[in-house]
Amino acid sequence: MERKTKDIRAAQRQALDLLQQQRAALRTQERIRSRMRLQRKRWAELVVLTGADHLDDAQLVAALLRAAEDGRDPVLREKAQLIGEAYLQRRPLPPHLT
């Protein structure tokens, strides 16, 4: 009888541990999804802030592809950084984006 009780308690602890691991994994996944939602919102607001919201999807994709390609070249990356900083000096980001 005592052995059976110990086995049951061990199984219950094991089940509780598994449940806690699953809950922790779900919380981690939700944090990741939440961060991605915020990042996507930030990107959308930056598109509007720069006035690029009038571009159609293909034009916006082309501009981003070019920026990604230029970002591989240190000289072009630095030039883009300076242009972006100058723009943000004239038109700062809203507080919720900083």
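Student: Which helix is Glu 78 found in?
Tutor: Glu 78 sits in helix α3, which covers residues 74-90; helices here are DSSP runs of H or I with at least four residues, strands are runs of E with at least two, and both are numbered from the N terminus. This is a predicted model, in which local features need pLDDT of at least 70 and side-chain atom pairs count only at pLDDT 80 or more, while totals for chains, interfaces and linings use all residues. Residues are numbered from 1 along each chain as its sequence is written, and side-chain values use heavy atoms, with hydrogens and water left out.

Student: Is Glu 78 buried or exposed?
Tutor: Glu 78 has a relative accessible area of 52%, so it is classed as exposed, given that exposed means over 50%, buried under 20% and partly exposed in between, with a 1.4 Å probe and protein chains only.

Student: And how far is Glu 78 from Ala 63, C-alpha to C-alpha?
Tutor: Their C-alpha atoms are separated by 17 Å, with the two positions 15 residues apart along the chain. Ala 63 also pairs with Ala 52, eleven residues away in sequence, at a C-alpha separation of 9.6 Å.

Student: Where does Ala 52 lie, then?
Tutor: Ala 52 is in the loop between α1 and α2, and its relative accessibility is 16%, so it counts as buried. Thr 50 belongs to the loop between α1 and α2 too, but at 46% relative accessibility Thr 50 is partly exposed. In space, the C-alpha of Thr 50 is 9.1 Å from that of Arg 91, although 41 residues separate them in sequence.

Student: Switching topic: how much space is in the largest pocket?
Tutor: The largest pocket holds about 940 Å³, where a pocket is an open set of points on a 1 Å grid over the protein atoms alone, with room for a 1.4 Å probe and protein on both sides within 12 Å along at least five of seven lines. Of its 25 lining residues, the closest to the centre are Thr 50, Leu 64, Ala 67, Ala 80 and Gly 84, lining meaning an atom within 4 Å of a point.

Student: Which helix gives the largest share of that lining?
Tutor: That is α3, with ten residues, and α1 (2-49), α2 (57-70) and α3 each supply at least two.

Student: What about the overall fold, how many helices and strands are there?
Tutor: The protein has three helices and zero strands, in the order α-α-α from the N terminus. Its radius of gyration, taken over C-alpha atoms, is 25 Å, well over the 13 Å that the globule rule gives for 98 residues, so the protein is more spread out than a compact globule; that rule is 2.2 Å times the number of residues to the power 0.38. The C-alpha trace spans about 75 × 30 × 25 Å along its principal axes, and 4% of the 98 residues count as buried.

Student: Which helix has the lowest confidence?
Tutor: Confidence is lowest in α3, at a mean of 93, and highest in α2, at 95. The protein averages a pLDDT of 92, and 99% of the residues score at least 70, pLDDT being the predictor's confidence in each residue, from 0 to 100.

Technical notes. Grid points are joined across faces, edges and corners, and a volume is the space filled by probe spheres set on the points.
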